[in-house]
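These are my notebook entries on a single protein model. I recorded what I looked up, topic by topic.

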Amino acid sequence: MFFVRLLLPTLIANASYAQELYVSPDVKSTTVGASFTVDVMVRDVTDLSTFRFDILFNEDILEAVDVVEGTLWRGPGYLWNAGDIDNITGRISLISGAASSKGAPVGFSVGGSGDALATITFHAIAPGGSP
């Protein structure tokens, strides 16, 4: 099993009201050598126009392979940064997105069901857990 821990220093720069950022699934069992994905989700947010976050993981058992924009943040008019993967320190830094004024709504709301900001692919390289 693994657990992904989020570092949220500047989670959502331009959002109003309550917000929740979480990883889905929050617990995942897998085998060594297998790849799997987790979604970084947001819910209960109003007027979202930018976001930024980092992901920390146990580099002794996981290798980050890829970060792609989630279902919420696709299409023209959205700026996307997949961040910088560092498998030596177990960190993906500066995953971010912004709605531009050209073709995308500048600020939108996400209800209680949640939506994915990013999808991250990991590869299990050893047995153990990742807090």
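**Entry 1. Aromatic residues.** I began with the aromatic rings of this predicted model. I found that Phe36, Phe57 and Phe122 form one aromatic cluster. The count of aromatic pairs came to four. One of the entries I examined in detail was the pair of Phe51 and Trp80, which is tilted, with 6.4 Å from centre to centre and 50° between the planes. I noted that Phe51 lies in strand E5 (residues 50-56) and Trp80 in strand E7 (residues 78-81), so the pair ties together parts that are 29 residues apart in sequence. I then looked up the exposure of both partners. Phe51 has 3% relative accessibility and counts as buried. Trp80, at 26%, counts as partly exposed.

**Entry 2. Overall make-up.** I next looked up the secondary structure and recorded zero helices and eleven strands. Read along the sequence, the pattern is accordingly written as β-β-β-β-β-β-β-β-β-β-β. Of the 131 residues in the protein, 42% are buried. I also checked the contacts with a separation of 6 or more: residues 24 or more positions apart account for 77% of them.

**Entry 3. The nonpolar core.** Which residues touch the most other members of the largest nonpolar core? I noted Phe53, Ile55, Ile92, Ile95, Leu117, Ile120 and Phe122, out of 26 residues in that core. The elements that give two or more residues to this core are E2, E3, strand E4 (45-48), E5, E6, strand E9 (91-99) and E11. Phe122 is a member of the aromatic cluster of my opening entry as well.

**Entry 4. Strands E5 and E9.** I looked at E5 on its own and found that six of its seven residues are buried, so E5 is largely enclosed by the rest of the structure. E5 and E9 run antiparallel and are joined by six bridges. Within this pairing, I recorded Ile55 opposite Ile92 in E9. I then turned to two further residues of E9. Ser93 has its place in strand E9. The side chain of Ser93 makes a polar contact of 3.3 Å with the side chain of Arg91. Beyond its neighbours within four places in sequence, Ser93 is in contact with Phe53, Asp54, Gly83 and Asp84. Leu94 is likewise found in strand E9. I flagged the backbone of Leu94, since its phi is positive, at about 65°, although Leu94 is not a glycine. With a relative accessible area of 38%, Leu94 is partly exposed.

**Entry 5. A four-stranded sheet.** In what order do the strands of the open sheet follow one another? I recorded E2-E3-E11-E6, four strands with antiparallel pairing. E2 and strand E6 (62-69) are the edge strands, and each pairs on one side only. Neighbouring strands of this sheet are turned against each other by 25° on average, with direction ignored. I checked the pairing of E2 with E3 and found five bridges in the antiparallel sense. In E3, Val42 is the residue that stands opposite Leu21.

**Entry 6. Thr119.** I selected Thr119, which has its place in strand E11 (residues 115-124). Is Thr119 buried or exposed? Its relative accessible area is 18%, so Thr119 is buried, the cut-off being under 20%. The side chains of Thr119 and Asp39 are joined by a polar contact of 2.6 Å. Leaving aside neighbours within four places in sequence, I listed the contacts of Thr119 as Thr37, Val38, Asp39, Asp66, Val67, Val68 and Gly70.

**Entry 7. Pro25.** I closed with Pro25, found in the loop between strand E2 (20-24) and strand E3 (35-43). A cis peptide bond joins Ser24 and Pro25, and I recorded an omega of about -5°. Pro25 has 33% relative accessibility and counts as partly exposed. Apart from neighbours within four places in sequence, Pro25 is in contact with Thr37 and Val38; Thr37 and Val38 are also among the contacts of Thr119. Finally, I noted the C-alpha to C-alpha distance between Pro25 and Val40, which is 9.1 Å in space for 15 residues in sequence.

Conventions:
Residues numbered from 1 in each chain as written. Predicted model: local features only at pLDDT ≥ 70, side-chain atom pairs only at ≥ 80, totals over all residues. Heavy atoms only, no water. Buried < 20%, exposed > 50% of the residue type's maximum accessible area, 1.4 Å probe, protein only. Contact = heavy atoms within 4.5 Å. Polar contact = N/O pair within 3.5 Å; in protein donor to acceptor, adjacent residues only side chain to side chain. Pairing = 2+ DSSP bridges. Axes fitted to C-alpha atoms, helices over the stretch in contact; angles between N-to-C directions. Phe/Tyr/Trp six-rings, centres within 6.5 Å; stacked < 30°, edge-to-face > 60°. Core = buried A, V, L, I, M, F, W, Y, C linked by side-chain atoms within 4.5 Å.
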